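Please open the model in your viewer and keep the sequence panel beside it, since each stop on this tour begins with a selection.

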Amino acid sequence: MGPSSSRPEAIKAIPIRHWGRWIAAGVIIFLAFLLAFSFVRNPHVEWQTIWHYLFSDLVLRGVAVTLELTVISMVIGAVGGTVLAVMRLSKNYVLSGVSWFYIWFFRGTPVYVQILLWGNFAILYPRLFLGLPFVNVVFASVDSNKAISIFVASILALGLNEAAYAAELVRAGIISVEKGQNEAAESLGMSPGLTMRRIILPQAMRVIIPPMGNETISMLKTTSLVAVISGHELMSNITISYSQNFKIFPLLLVACIWYIFFTTLLTIGQHYLEAYFGKGFGDKEAAAAEKRAMKRLQRKNGVDPGVF
Amino acid sequence: MVKVEQVWKSFGKLDVLKGVDFVVYPKQTFVLLGPSGGGKSTLLRCINHLEAIDAGRLWVDGELMGYRQKGTVLHEMKARDVSRQRAKIGMVFQRFNLFPHMTAIENVMEAPIRVLRVKRQQAEAEAEQLLTQVGLGEKLDVYPAQLSGGQQQRVAIARALAMKPKLMLFDEPTSALDPELVGEVLDVMKELAREGMTMVVVTHEIGFAKEVADGVALMDGGVIVEQGPPNQCLMNPKEERTKAFLSKVLA
């Protein structure tokens with residue numbers, strides 16, 4: 001028996017009116033407008049000054065360094081974190097112990113303090129030697145201040161700290177992949193290393209990417225802490241600037257504008273990254289499947305599918 | 001092809017296998033039946049060393065699985081050698097365990113390319129052929145999430161076959177499927193048996209056992225209660241437990 005041939009008339013009920021919502025929205029918009037209005041009209045904000053400094057040399061150079069620090073630290077953090085996570089999950093007690101200790105130590109101190117420690121590294125070890133211990137044989141040595149420059153200290157502090165947090169994220173991602181995947185890969189004769197690389201980690205990415213995106217966005221702002229060792233990023237330069245011209249508020253707003261701008265860009269980027277790793281799990285797949293079939297046929301017939 | 005001798009296996013304090021003996025000859029289809037918890041799946045997973053046995057010996061294709069024997073001493077096998085042994089055995093799981101981030105054809109190609117070092121084009125061609133053989137020639141570039149259970153299981157079978165195994169293990173391959181989809185998977189398995197593949201199948205499908213099996217065994221409580229050819233074991237069972245099990249299943 002199929003459905004009946006004539007549908008009854010569609011329901012045309014009068015919807016519930018949510019008056020409370022409309023009133024609340026109205027009040028909030030009004031208050032927001034008042035706030036914005038007072039802010040814009042405030043003489044201490046000095047919109048002209050903000051505009052002047054927004055694209056100034058000092059600020060732009062600071063932004064560039066901030067971005068460099070963010071990228072390099074996140075790379076160190078992500079790679080280090082993955083290594084640490086795999087170590088932590090290993091059956092080898094040495095590896096898993098070392099990893100545990102590292103994570104415990106680097107999560108146990110504030111990143112602010114770690115930055116100060118790396119920045120003052122030369123006090124602890126004035127010279128770095130490459131040689132054999134206890135027998136006074138030295139192949140090469142270097143002045144710590146030169147080897148661990150402010151920039152190197154910054155990326156070490158930020159990167160190594162991030163690796164400890166990233167390790168827990170990656171570990172959570174790896175654990176989230178069901179055991180059956182491991183069994184299937186192993187039953188096909190794939191080695192544990194191959195299984196991790198080709199099967200487990202790609203699937204773990206789905207769980208790892210959103211919090212990692214968060215970490216990156218957070219790192220963008222955490223770089224501001226290296227101002228304490230005069231790293232030459234945005235906040236360092238802004239601080240130097242307003243300690244000379246006393247235009248504290250406008251310059252802080254300049255910093256805010258830049259941080260918010262890049263955070264927005266990163267958020268959009270994360271959205272696309274999640275889409276890529278969510279491949280195979282969502283809708284719109286039929287069309288994509290056809291595209292892939294086309295590409296394969298072309299490859300088979302010796303035509304280079306190229307980019308479409 | 002498979003020789004199991006006095007195999008014992010425990011998980012903690014629980015003894016799951018308590019001295020199992022049987023032999024599967026090449027090209028035979030051997031079916032393991034029995035109530036849940038009887039140890040059938042565990043036994044299957046011991047055959048390809050996904051679980052290590054605690055006592056006894058297990059040989060596949062003349063090779064001791066998972067251990068190397070030097071004189072009278074047993075050495076644990078290195079992971080690399082275990083992987084090599086497993087590559088000769090194909091396994092199909094109850095929950096399919098397809099790789100969800102790869103298309104059907106990529107699932108089938110992956111192991112030959114990475115483990116057997118087959119060239120990509122050749123692996124792709126062979127994968128296409130295998131998938132067509134199991135009736136999924138139109139679904140090569142589809143992700144597992146878009147396939148029905150029966151289709152997924154058939155991809156899983158193709159994936160196991162891509163490694164050109166000498167032995168195929170099936171762990172309740174149709175238990176997670178809707179009744180309408182069971183038939184298509186059983187058909188593929190029957191075809192495999194006809195072509196002479198050595199198979200050990202754990203299943204509840206008595207009909208399949210009657211039609212295709214060369215040997216049948218009933219497992220309960222970690223031991224084989226009764227074994228023999230299907231027309232003897234299933235039609236005229238000798239043991240009480242076998243009769244009890246069959247009457248429940250065939251009711």
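Select H49(B) in this predicted model, and you will find yourself in the loop of chain B that runs between helix 1 (40–47) and strand 4 (55–60). The backbone deserves attention here, for H49(B) has a positive phi of about 60 degrees although the residue is not a glycine. Is H49(B) buried or exposed? With a relative accessible area of 13%, H49(B) falls under the 20% cut-off and is therefore buried.

Stay in chain B and move to R117(B), which sits in the loop between helix 3 (104–114) and helix 4 (120–133). R117(B) is likewise not a glycine and has a positive phi, in this case of about 55 degrees. The surroundings are another matter, because R117(B) has a relative accessible area of 72%, over the 50% cut-off, and so counts as exposed.

Next, select T29(B), a residue of strand 3 (residues 29–33) of chain B. T29(B) counts as buried, at 1% relative accessibility. Which residues does T29(B) touch, if those up to four places away in sequence are not counted? Show the side chains of A193(B), M197(B), M199(B) and V201(B), and then add V212(B), A213(B), D214(B) and G215(B), and you will have the set that T29(B) touches under that condition. If you also draw a distance from the C-alpha of T29(B) to the C-alpha of T198(B), it comes to 5.8 Å, although the two residues are 169 residues apart in sequence.

Now turn to chain A, whose secondary structure comes to 13 helices and two strands. Of the 308 residues in chain A, 32% are buried. If you look at contacts in chain A between residues with a separation of 6 or more, 70% of them are accounted for by residues 24 or more positions apart. Switching on the surface of chain A shows an exposed area of about 20000 Å², of which carbon and sulfur atoms supply 68%.

Within chain A, colour helix 3 (residues 57–88) and helix 11 (residues 234–245), whose axes come within 7 Å and cross at roughly 155 degrees. That angle is over 145 degrees, and the two helices of chain A are therefore roughly antiparallel to each other. To see where they meet, show L58(A), V59(A), R61(A), G62(A), V63(A) and T66(A) on helix 3, together with L234(A), N237(A), I238(A) and S241(A) on helix 11. The residues of this contact divide into five nonpolar, four polar and one charged.

Keep S241(A) selected, since this residue of helix 11 of chain A repays a closer look. S241(A) is buried, with a relative accessible area of 8%. Leaving out residues up to four places away in sequence, S241(A) touches Y53(A), L58(A) and L251(A). The C-alpha atoms of S241(A) and L58(A) are separated by 8.4 Å, while the two residues lie 183 residues apart along the chain.

For the last stop, select the cysteines. How many disulfides does a search of the whole structure find? The search finds zero over all chains. Two cysteines to compare by eye are C256(A), which is partly exposed with a relative accessible area of 40%, and C46(B), which counts as buried at 1% relative accessibility.

Methods: Residues are numbered from 1 along each chain as its sequence is written. Chains are lettered from A and ligands numbered from 1 in the order in which they are written. This is a predicted model: local features need pLDDT of at least 70, side-chain atom pairs count only at pLDDT 80 or more; totals for chains, interfaces and linings use all residues. Side-chain values use heavy atoms; hydrogens and water are left out. A disulfide is a pair of cysteine sulfur atoms within 2.5 Å. Buried means under 20% relative accessible area, exposed over 50%, partly exposed in between (1.4 Å probe, protein chains only). Axes are lines fitted to C-alpha atoms, for helices over the stretch in contact, and angles run from 0 to 180 degrees between N-to-C directions. Helices (H or I, at least four residues) and strands (E, at least two) are DSSP runs, numbered from the N terminus. Angles under 35 degrees count as roughly parallel, over 145 as roughly antiparallel, 65 to 115 as roughly perpendicular and the rest as oblique. Contact means heavy atoms within 4.5 Å. Ala, Val, Leu, Ile, Met, Phe, Trp, Tyr, Cys and Pro count as nonpolar, Asp, Glu, Lys and Arg as charged, and the others, Gly among them, as polar. Accessible areas come from the Shrake-Rupley method with a 1.4 Å probe; for residues, only the protein chains shown count as cover.
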